[in-house]
Amino acid sequence: MLPSESTEAIVLRRKVVLSFWAVFVFLGLPLWFHTTTIHRTPVPLSAIETLDNELKDGLGLSRDDDPGLHIAVGVKKNCLYGITTREISDELQRLLRTEWTSSVFSLDLVDADECSGCSMPKYTLNCIGSDRTPLPKTISEGLEITVYIPSNHGSKEIIANGLYDAFVGDFLFFNKHDLGSIDRAMSPTTGILSTMYRGATYADAIHLSFTLLIALDSSGGERAIEALSPEFQTEWRVHAEKVWNTLKFGELNRYVSSITFDTDVGFQYMTDGSDEWARVEQDVSSDKLSSLLDTWDLQPITLLTTSSNSSAVKVLQFVYFLPPYSTNTKSLSFTVANWGGVVMAGDSPDLPAAMRTFGRQIDKLLSPVSFSLANGSKSRKTLPHRHEFARIATIMNLRGAIETLSALSRLVTSLQEMAVPSTVRDLVDSAIKEWHSAVVNLRSDFDQVAENQGLRHAAAAAQFARQAVFDKDMMLNMFVPFEHKIAVYLPLLGPVIVPLVAGLRRVVVESRKKEP
Amino acid sequence: MDSKTWAVFVASAVLKLSLNFLFPSLHSILGQHVEVTTSMTSFKQLKEGLHLYEIGISPYDGGVYHQAPIFLLLFKFLGKFGSTAPNSPTINVFYVFTDIITAYFLCAISKSQSLAKTNQLADWVIASIYLFNPLVVATNISRSTAVLSNAAMIGSIAYACYNRNILSVMFLALASHTNIYTAYLFPPFLLLWTSATGATMASVTKYLIFYIAMSAGLTSIGYFMTGSLQYLSATYGSLLFFKDLAPNMGLWWYFFMEMFDFFRPLFTYIFQLYSLIYVLPITFRLHNCPLVAITCIVGITTISKSYPEVGDLGVYISLLSLFKFIFPNVRYALLAALVILHSLVLAPNFYHLWIYLGSGNANFFYAITLVYTIGMTIIITDTLRAALLIEFQGTDNPSKTVIQI
């Protein structure tokens, strides 16, 4: 039996236990509650759902019939040159697969001259041989597409490219299909205009980088010596600046806040000129362009920053490649989507011709907006194309914004233990405000849209939505489920709680013993 | 003070001055050791803060300086007598003098009325335990500002033991201003201050108001120096919320290196609460011997504070030396001594392995800090048990036998 304690000792023990509990209850519990409470700022989920429904209903814009994603084109005999329509169609489908979702967009080619008794397709492809133009060109007038091809050089690739250019440049917009139906065509599963958009992405700033790439081999060569001369390099820069000025003071300037350019000179060392050059030609002909570009030692491009909401800079590279020696009389050129264009010099360097080619390549890369640079003349349909492009890009940004906001809404609803800071609410409110401004601009008259205001609001809405979803304070707290908290609290507080409870129990038992 | 004590003072001064003269870079080497100094007491950061202050920039803007603004005034004043470089004669003499003053205060405490009825070690022994303690010597040579905080704290105890309560409150406020954990000593100090007159509401209120007024005065010095109260976030905020995540001899840094941000505030508050929660219970339990309560709380804050140093252990051992009467009842002295010794030897080695050689990792160093904490815990619990046993048995003629069950 334990010896009896004095009253003073018991009172003292009671004070000690209660002082522990006082700190625990009056300081510890409030702090624990304050530091572990999940703060969820209410996010306007119903407003997000309303916007989603509004977009699905076409934003109050006019409706039209389906634009017809399956289009029949009659191919005239002068295009064939011994090639079948089947071959052209296969080549076209190959091009579509690289850039488009061919399952929902196809061109049915019909031999127009052999279509007796059948209903003529709406569109007709006509080909005209011309010695004056060194490269193929496509013009679409109404329902007729004309491809100008060098005489005796008709090929399935040229014709298919011509058709492809026509549709990318003109078809979808020439008939002015309304945005509601186009938006339906832009669903994530089809992705037609998203892939097109990829090739013609809206950017607030465009930077053109012109590189003179001189191939050197062990033989040296007069060509390299000429290209390295200050006069040639000055001429190079002057021509590049002309292209830049044409763009800068042209219609593209109405879309973007800045167009900049730089010129550079690079060298490509070929240890064995003839073999490597043969490989280059083979790569170009077999369309292995990315591997070719990877081998080139291009100077890095300094990206520019802009102050616009979208803050995206589209950089396009244009390379004028001087091989170590001339292998044929004509130059080669090709474009790479989202990268730029290349012109390989032929017998002798021809800077003006190269720059004209670069101009056409810029046309193609920034399509469906047609900025005519090749011959300086105004494009026939620049006004409606620019308008349509801006409106479509606006809708695409709005779609991106609402998809992101809907994802945020689902995230907030499903993860009840995820904190939602007030910054997320502010960002969502800003996104919704910009969304409404963009829709007002879409519904407004032509001039406002031409000034890109709707597009800027839509891009801002998309950006705010992205920032809201990836808010740092919210994302960091996503991965702490309730079970983990128990695993943390138990070893932290368990060893403290046990003696506290034991001490309190003893105090309570003693006080009960004293009661009569 | 007898001649032996003065001889100890002189010998320690000679030792420290010789070490500084013979090994001029020793202060720099020790200043880089995380066991000896932390970002809250580093002399190097004090110099940076002083330089910023002298050129008119707030020293608290860059996140480098976390110490009290009064140190800037002090070292700016010292700068008038010579260079404030760590190995300059002015700083050498100042730090040696501070340590001697601290030892003097300890000797004064041992001869005070509070410990008059107990068996005491000789003054020169108490002074030696402090002045020749390697941990204290290392802290002194590294020019850690903890030397000054500890001097203020021990000075406050000394004045309280001699009923010079106003001075004691001032020194405690000064010590709290430079090291906020000293504020935890306020409850046991109240017992000391009211030991002569009794703890009435009026006396408690008086000392509380005076302490708050002194603290406010020191805080206002910082306000007038920096132009705002923003420095509180850099000083007390850094200490309380563990903003500078750097390894040290404490237990905090390892947790916060690995922790999710979600739990960080909770752990910060829980860890701070852990050192605070013992203050009142210990004060109540040891209300008859407030000096023991003060020593016990100093020991607990040594292991539970956010930026501990080995100098804190040196001060704690020096305070323990005042209570010779508990030594016979201490049971695990050898075990605790060996554990502490092993941890102090291995800590710099494991830190070197981790940081400089790259052949270790943080677990090496943290394991040693755990061992160090276990050693400290053994000392604190053992001495506390011994003190309670003495209190139960009586100091002179134990009339009761305690049987361990």
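Is B:N248 counted as buried or exposed? In this predicted model, B:N248 counts as buried because its relative accessibility is 1%, and the cut-off for that class is under 20%. This report first describes the two chains, then their interface, and then returns to selected places in chain B.

**The two chains**

The table sets out the values for each chain.

| Chain | Helices and strands | Residues and buried share | Accessible surface and its carbon and sulfur share |
|---|---|---|---|
| Chain A | 17 helices, 10 strands | 516 residues, 48% buried | about 25500 Å², 56% |
| Chain B | 19 helices, zero strands | 405 residues, 54% buried | about 17400 Å², 69% |

Chain A thus combines helices with strands, whereas chain B has helices and zero strands. Contacts across the sequence can also be described for each chain. Among the contacts of chain A with a separation of 6 or more, 76% join residues 24 or more positions apart. In chain B, the corresponding share for residues 24 or more positions apart is 72% of the contacts with a separation of 6 or more.

**The interface between the chains**

Where the chains meet, 22 residues of chain A are in contact with 19 residues of chain B. Together the two chains bury about 2100 Å² between them, and carbon and sulfur atoms account for 87% of that area. No salt bridges are counted between chain A and chain B. The count of residue pairs in polar contact between them, with both residues at pLDDT 80 or more, is likewise zero. On the side of chain A that touches chain B, α1 (7-36) and α17 (482-514) of chain A each supply at least two residues. Of the elements on that side, α1(A) gives the most, with 12 residues.

**The surroundings of B:N248**

B:N248 is placed in the loop between α12 and α13 (252-258) of chain B. Its side chain has two backbone oxygens within reach. One belongs to B:A246, which the side chain of B:N248 reaches at 3.3 Å. The other belongs to B:S306, whose backbone oxygen lies 3.5 Å from a polar atom of the B:N248 side chain. When residues up to four places away in sequence are not counted, B:N248 touches B:V34, B:T38, B:F242, B:W253, B:S306, B:Y307, B:P308, B:F365 and B:T369. B:S306 therefore appears both in this list of neighbours and as the owner of a backbone oxygen facing the side chain.

**A helix with buried residues**

Helix α4 of chain B covers residues 69-78, and its buried residues are B:P69, B:I70, B:F71, B:L72, B:F75 and B:L78. These buried residues of α4(B) pack against several other helices of chain B: α3 (43-54), α5 (89-110), α8 (146-161), α9 (165-178), α11 (201-226) and α12 (231-241).

**A nonpolar patch on the surface**

Chain B also carries a nonpolar patch on its surface, formed by B:L334, B:L338, B:L341, B:V345 and B:L346. The accessible area of these residues together is about 460 Å². One of them, B:L346, is located in helix α18 of chain B, which runs over residues 333-357. B:L346 counts as partly exposed because its relative accessibility is 31%, a value between the limits of 20% and 50% that bound this class.

Conventions:
Residues are numbered from 1 along each chain as its sequence is written. Chains are lettered from A and ligands numbered from 1 in the order in which they are written. This is a predicted model: local features need pLDDT of at least 70, side-chain atom pairs count only at pLDDT 80 or more; totals for chains, interfaces and linings use all residues. Side-chain values use heavy atoms; hydrogens and water are left out. Patches are made of residues with over 30% relative accessible area and no salt bridge: like charges are joined within 9 Å, nonpolar side chains (Val, Leu, Ile, Met, Phe, Trp, Tyr) within 5 Å. Accessible areas come from the Shrake-Rupley method with a 1.4 Å probe; for residues, only the protein chains shown count as cover. A salt bridge is a side-chain nitrogen of Lys or Arg within 4 Å of a carboxyl oxygen of Asp or Glu. Helices (H or I, at least four residues) and strands (E, at least two) are DSSP runs, numbered from the N terminus. Buried means under 20% relative accessible area, exposed over 50%, partly exposed in between (1.4 Å probe, protein chains only). Contact means heavy atoms within 4.5 Å. Buried area is the accessible area (1.4 Å probe) that two parts lose on being put together, summed over both. A polar contact is a pair of N or O atoms within 3.5 Å; within protein, one must be able to donate a hydrogen and the other to accept it, and residues adjacent in sequence count only if both atoms are side-chain atoms.
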